[in-house]
Amino acid sequence: MFSHGNGWSMDGYEPLVDRWAAAGFVVVQPTHLDSRRHGIGFDNPIFGTIWRVRIADLHAVLDNLDDILARAAGLDARIDHDQVAVVGHSWGAQTAGTLLGARVLDSDGNAGEDFTHAAVKAGVLIAATGTGDTLTPFAAEHLPFMRPDYSAMSTPTLVIAGGKDQSAMSTRGPDWFTDAYHFSPGAKSLLTIATDENPARVALVADAVSAYLLDTFDHDYARWAGLSATAAVGDEAFSVDDK
């Protein structure tokens with residue numbers, strides 16, 4: 001299951017999703033309430049609650065997965081219910097992270113509700129929200145829920161970050177996007193990718209997600225091992241860290 005970034009929709013990630021499907025995955029993509037197609041901006045009174053609606057969307061998909069997939073040429077009969085993963089990008093990564101065990105801190109710094117879902121056995125977080133009190137004034141005003149606590153995120157997870165990715169929502173540098181790896185007991189691998197306009201980076205992200213999940217679900221160890229080996233010999237396009 002894939003959760004999109006702020007303002008996007010299920011239609012915005014075809015290059016990734018197509019490669020995942022080609023690798024053998026069934027991909028479900030909800031379009032969240034913050035999608036631009038719904039016209040709900042930062043100043044809308046309900047915007048501050050959309051982070052909860054996003055989580056509810058993912059739970060609803062998982063709780064009704066067979067019914068949803070039955071409408072797609074009987075895909076419900078072709079999946080393994082014990083091998084469900086959640087993947088997210090940007091705000092979608094924070095959303096997905098809550099199903100993996102991450103919490104959202106309140107204004108007093110206390111961890112909020114536990115939104116984990118028993119069906120989720122692995123995850124991938126792409127450009128996930130970092131921790132700490134480093135939100136820009138705009139983010140602090142409009143996105144105060146961007147305060148994740150990864151200390152209880154125990155589900156096996158791959159974190160993907162851009163090596164030169166500077167968020168407009170944080171005063172920190174690119175390392176902000178690696179917090180989910182460093183502060184989570186479940187995040188076992190970190191893939192850091194060169195930040196540039198090379199379209200090959202999209203394929204790299206897609207294939208790394210497939211390789212990690214196939215390895216985690218005991219289907220194919222060679223792909224992830226090969227990617228790690230390439231990084232180990234000094235490929236400037238990406239690096240892999242494990243713990």
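## Exercises on a predicted model: salt bridges, a buried serine and enclosed space

D133 and R147 form a salt bridge in which the closest N and O atoms are 3.2 Å apart. The model is predicted, and each exercise below is followed by its solution.

**Exercise 1.** State which parts of the chain the D133–R147 pair ties together, and classify each partner as buried or exposed.

*Solution.*
Step 1. D133 is found in the loop between β4 (120-126) and α5 (137-142), while R147 is found in the loop between α5 and β5 (148-149), so the pair ties together parts that are 14 residues apart in sequence.
Step 2. The relative accessibility of D133 is 68%, so D133 counts as exposed, the cut-off for that class being over 50%.
Step 3. The relative accessibility of R147 is 18%, so R147 counts as buried, since buried means under 20%.
Step 4. For context, the whole structure holds 10 salt bridges.

**Exercise 2.** Determine which residues are linked with R172 in a network of salt bridges.

*Solution.*
Step 1. Side chains of opposite charge can pair when their charged atoms come close.
Step 2. R172 meets D175 in a salt bridge with an N to O distance of 2.8 Å.
Step 3. R172 also forms a salt bridge with D179, where the closest N and O atoms are 2.8 Å apart.
Step 4. R172, D175 and D179 are therefore linked in a network of salt bridges.
Step 5. Within this network, D175 is partly exposed, at a relative accessible area of 41%, whereas D179 is buried, at 2%.

**Exercise 3.** Describe the setting of S189: its element, its accessibility and its side-chain partner.

*Solution.*
Step 1. S189 belongs to strand β7 (residues 187-193).
Step 2. Because its relative accessible area is 4%, S189 is buried.
Step 3. The side chain of S189 makes a polar contact of 2.5 Å with the side chain of D242.
Step 4. Beyond its neighbours within four places in sequence, S189 is in contact with T157, L158, V159, Y181, Y212, W224, D241 and D242.

**Exercise 4.** Characterise the largest pocket and the second largest pocket by volume and lining.

*Solution.*
Step 1. The largest pocket contains about 940 Å³ of space. Its lining comprises 37 residues, with H89, S90, I126, A127 and D165 the closest to the centre.
Step 2. Two or more lining residues of the largest pocket come from each of α1 (14-22), β6 (157-162) and α7 (200-216). Sorted by class, this lining has 21 nonpolar, 11 polar and five charged residues.
Step 3. The second largest pocket contains about 550 Å³. Among its 27 lining residues, G24, F25, V26, I79 and Q83 lie nearest the centre.
Step 4. At least two lining residues of the second largest pocket are supplied by each of α2 (50-63), α3 (65-70), β2 (84-89) and α7, and α7 provides the largest share, with four. The classes here are 21 nonpolar, four polar and two charged.

**Exercise 5.** Count the cavities of 30 Å³ or more, and identify which element gives the most to the lining of the largest cavity.

*Solution.*
Step 1. The count comes to one cavity of 30 Å³ or more, and the largest cavity holds about 50 Å³.
Step 2. Its lining consists of W51, I55, W91, Q94, T95, T98, V104 and F145.
Step 3. Both α2 and α4 (91-100) supply at least two of these residues, and α4 gives the most, with four.
Step 4. By class, the lining of the largest cavity has five nonpolar, three polar and no charged residues.

Key. Residues numbered from 1 in each chain as written. Predicted model: local features only at pLDDT ≥ 70, side-chain atom pairs only at ≥ 80, totals over all residues. Heavy atoms only, no water. Buried < 20%, exposed > 50% of the residue type's maximum accessible area, 1.4 Å probe, protein only. Polar contact = N/O pair within 3.5 Å; in protein donor to acceptor, adjacent residues only side chain to side chain. Contact = heavy atoms within 4.5 Å. 1 Å grid on protein atoms, 1.4 Å probe; cavity = no way out; pocket = protein on both sides within 12 Å on 5 of 7 lines; lining within 4 Å. Points joined across faces, edges and corners; volume = space filled by probe spheres on them. Nonpolar A, V, L, I, M, F, W, Y, C, P; charged D, E, K, R; others polar. Salt bridge = Lys/Arg side-chain N within 4 Å of Asp/Glu carboxyl O.
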